[in-house]
Amino acid sequence: MQSVQRRFGKPRTADESQVAVLLKDFEDADKMLSRIIEASKAWRDAWTDILTVQQRLAYDFQEIYSPIIESNENYEGRGATETPKPTMMRTVKLQQAYAELKTDLLEEVNMVDTRIIKPAMDARDHIQPLKKVIKKRTDKKA
């Protein structure tokens, strides 16, 4: 009976309060790393979408300016006018430039995985066992 009274009547020691602070720090670090991972993934996905839209836009310009193939031979209305060769060449060059730009920038954007996301996930994975050890320590003391 005395041991039960000692456990519940005993005030927290400085060591126990430090452990509580340490656990809170681990939780804060875990939340911060989660936010970094999510924000980095969102940034990477946004840039991938931007590059895809830009390349698609240049491809669509090329499609718009390409010659129209007449399918109805009985059509007597106004005939199609061919796009001038310099304009077609500019649209082809634009489409090629955007394709090259997308390839180059996607390499850089995908480096976010190896330089930010992967290390943050590793740090988060390493924090979990330490957090569990400290929690077990406090549980054994109680």
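# Exercises on a three-helix chain

Read from start to end, the protein chain shows the pattern α-α-α. This is a predicted model, in which local features need pLDDT of at least 70, side-chain atom pairs count only at pLDDT 80 or more, and totals for chains, interfaces and linings use all residues. Residues are numbered from 1 along each chain as its sequence is written, and side-chain values use heavy atoms, with hydrogens and water left out.

## Exercise 1: the overall fold

Task: Find how many helices and strands the protein chain has, and what share of its residues is buried.

Solution. Start with the secondary structure: helices (H or I, at least four residues) and strands (E, at least two) are DSSP runs, numbered from the N terminus. The count gives three helices and zero strands. Next comes burial, where buried means under 20% relative accessible area, exposed over 50%, and partly exposed in between (1.4 Å probe, protein chains only). Of the 142 residues, 16% are buried. Then look at contacts, meaning heavy atoms within 4.5 Å. Among contacts with a separation of 6 or more, 90% join residues 24 or more positions apart. Finally, the accessible surface is about 11500 Å², and carbon and sulfur atoms hold 57% of that; the areas come from the Shrake-Rupley method with a 1.4 Å probe, and for residues only the protein chains shown count as cover.

## Exercise 2: salt bridges

Task: Work through salt bridges of this model, and say for the residues involved whether they are buried or partly exposed.

Solution. The criterion is a side-chain nitrogen of Lys or Arg within 4 Å of a carboxyl oxygen of Asp or Glu. A search of the whole structure returns six such pairs.

- Step one: Lys24 pairs with Asp28, with the closest N and O atoms 3.3 Å apart. Both sit in helix α2, four residues apart, about one turn of the helix. Lys24 is partly exposed because its relative accessibility is 48%, and Asp28 is partly exposed at 32%.
- Step two: Asp60 and Arg56 meet at 3.5 Å, N to O. These two also lie in helix α2, four residues apart. Asp60 is partly exposed at 29%, as is Arg56 at 48%.
- Step three: Arg44 bridges to Asp45, again with a closest N to O distance of 3.3 Å. Arg44 is buried because its relative accessible area is 16%, whereas Asp45 is partly exposed at 37%. Arg44, Asp45 and Asp113 are linked in a network of salt bridges.

## Exercise 3: surface patches and a buried neighbour

Task: Which residues form the nonpolar patch, and which residues does Thr91 touch?

Solution. Patches take residues with over 30% relative accessible area and no salt bridge; like charges are joined within 9 Å, and nonpolar side chains (Val, Leu, Ile, Met, Phe, Trp, Tyr) within 5 Å. The nonpolar patch holds Leu57, Phe61, Ile64, Tyr65 and Leu94, with about 440 Å² of accessible area together. Helix α2 (residues 14-65) supplies the largest share, four residues. One of the patch members in helix α2 is Ile64, which counts as exposed because its relative accessibility is 60%.

Now turn to Thr91 in helix α3. Thr91 is buried, at 7%, and touches Phe61, Gln62 and Tyr65, leaving aside residues up to four places away in sequence.

For the last step, a negative patch consists of Glu100, Asp104, Glu107 and Glu108. Here Lys and Arg count as positive and Asp and Glu as negative, while His and the chain ends are not counted; each charge is placed at NZ of Lys, CZ of Arg, CG of Asp or CD of Glu. Glu100 belongs to helix α3 (residues 85-141) and is exposed at 54% relative accessibility.
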